Amino acid sequence: MMKPASELIIIPFRQEDLASVFELEQLSFTDPYPWWLLAELARKNPATFLVAKLKDRVVGYAIIDGSEDYYHLVSIAVHPEFRRTGVATGLLQALEEHLTHSGLVRLEVRESNHAAIQFYVKHGFEKKDIVPGYYADGENAITMERQERNREVSRLSCL
Ligand SMILES: CC(C)(COP(=O)(O)OP(=O)(O)OC[C@H]1O[C@@H](n2cnc3c(N)ncnc32)[C@H](O)[C@@H]1OP(=O)(O)O)[C@@H](O)C(=O)NCCC(=O)NCCS
C-alpha cells in the first residue's frame, strides 16, 4: 500500500463532505452515528471536525466535541483501504493545533477494539476506567485520556 502522507491534506469539514463522512462511519463502526448527529457535531465544532483528503477523496475524519470540562474525542476513522498509512496520526496532530487551551482529551473505545487502543496508546493516551455495558450491544467501554498543553503556554514555559 502506498504511503499517502505527501499528498494527504487535512482541512476543516465542509457540508459537502457529509455524505463521505457518513459512508466512512458505516464502514468503520457497528453502531455508526446517524446523519443528523454528524451534521450537529459539524455545526457545533467548526474548528475541530477535520477531514483527511487524498486527491479530493475523503479518506478519514476526526471530531473533538467541545465541552466545558474537557475535550471529547467523539470519533476518528479512516477508510479501510488507507489504514496503517498515518492518516489518523495526521488527523490527531492537526486536531492538537486547533485546541485553544490546556486540558484533558477524553475518549471511549470498545474493549475489543485493539487497533484503536494501540493507536491511542502510541499517541500518549492512558487507560482510565471501564464503563460496563456502555455500548448498545452491551460491550464495555474503556475510557482513555491525554493531557493537552496549550502550545502558547508550553512555549512560554520554555523561555
Ligand atoms: C483506529 C484507526 C482510526 C487508526 O487509523 P490509522 O490511520 O490506520 O492509524 P495510523 O496509520 O496513524 O497508525 C498509527 C499507529 O497506531 C497503531 N495502530 C494503528 N492501527 C493498528 C492496528 N490495526 N493494529 C495495531 N496497531 C495499530 C500503530 O502503532 C500505528 O503505527 P505503525 O503503523 O507505525 O505501527 C483505524 O484503524 C480505524 O479507522 N478504525 C475503525 C474506526 C475506529 O475504531 N475508530 C476508533 C474509535 S474509538
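Start at the ligand: helix 4 (114-122) gives the most to the shell around it, with five residues. Keep in mind as you look around that this is a predicted model. The shell holds 19 residues in total, and the closest to the ligand are Arg83, Ala88, Thr89, Ala115 and Gln118. Helix 4 has company here, since strand 4, helix 3 and strand 5 also supply at least two residues each. As for chemistry, the shell splits into ten nonpolar, six polar and three charged residues.

Now step back to the sheet. Seven strands make it up, in the order 1-2-3-4-5-7-6, and the sheet is open with mixed pairing. Strand 1 (8-12) and strand 6 (126-131) sit at the edges with a single partner strand each, so one side of each has no neighbour in the sheet. From one strand to the next, the twist averages 25 degrees.

Let's walk across the sheet from strand 1. Strand 1 and strand 2 run antiparallel and are joined by five bridges; Ile9, for instance, stands opposite Lys53 in strand 2. Strand 2 then pairs with strand 3, again antiparallel, over six bridges, and Ala52 has Gly60 in strand 3 as its bridge partner. These two strands form a hairpin with two residues between them, and Lys55 in the turn has a positive phi of about 45 degrees.

Next comes strand 4, which pairs with strand 3 in the antiparallel sense over six bridges. The hairpin joining them runs through five residues. Gly60 turns up again here, standing opposite Val78 in strand 4. On to strand 5: strand 4 (residues 71-78) and strand 5 (residues 103-110) pair in the parallel sense, over two bridges. Here Tyr71 has Val105 as its bridge partner in strand 5, while His72 stands opposite Arg106.

Is strand 4 largely enclosed or open to the outside? Six of its eight residues are buried, so strand 4 is largely enclosed by the rest of the structure.

What packs on the sheet? Helix 3 (residues 87-98) does, touching strand 1, strand 2, strand 3, strand 4 and strand 7 (141-148), with its direction at about 40 degrees to that of strand 3. Helix 1 (residues 18-28) lies across strand 2 (49-54), strand 3 (57-65) and strand 4, and runs at about 85 degrees to strand 3.

That brings us to the largest nonpolar core. It has 31 residues, of which Leu50, Tyr61, Ala62, Val87 and Leu91 touch the most other members. Helix 1, strand 2, strand 3, strand 4, helix 3, strand 5 and strand 7 each supply at least two residues of this core. Leu91 makes a good place to zoom in: leaving out residues up to four places away in sequence, Leu91 touches Ile10, Leu50, Ala52, Gly60, Ala62 and Ile76. Ala52 and Gly60 are the bridge partners we met between strand 2 and strand 3.

Finally, have a look at Leu27 in helix 1. Leu27 has 13 other C-beta atoms within 10 Å and is partly exposed; a residue needs 20 or more to count as buried. Leu27 touches His79 and Pro80, again not counting residues up to four places away in sequence. Leu27 and Pro80 are 53 residues apart along the chain, but their C-alpha atoms are separated by 7.7 Å.

Technical notes:
Residues are numbered from 1 along each chain as its sequence is written. This is a predicted model: local features need pLDDT of at least 70, side-chain atom pairs count only at pLDDT 80 or more; totals for chains, interfaces and linings use all residues. Two strands pair if DSSP finds at least two bridges between them. Helices (H or I, at least four residues) and strands (E, at least two) are DSSP runs, numbered from the N terminus. Axes are lines fitted to C-alpha atoms, for helices over the stretch in contact, and angles run from 0 to 180 degrees between N-to-C directions. Two residues are in contact if their C-beta atoms, placed from the backbone, lie within 7 Å. A residue is near a molecule or strand if its C-beta atom, placed from the backbone, lies within 6 Å of it. Ala, Val, Leu, Ile, Met, Phe, Trp, Tyr, Cys and Pro count as nonpolar, Asp, Glu, Lys and Arg as charged, and the others, Gly among them, as polar. A nonpolar core is a set of buried Ala, Val, Leu, Ile, Met, Phe, Trp, Tyr and Cys residues joined through C-beta atoms within 7 Å. A residue is buried if 20 or more other C-beta atoms lie within 10 Å of its own, exposed if 12 or fewer, and partly exposed in between; C-beta atoms are placed from the backbone.
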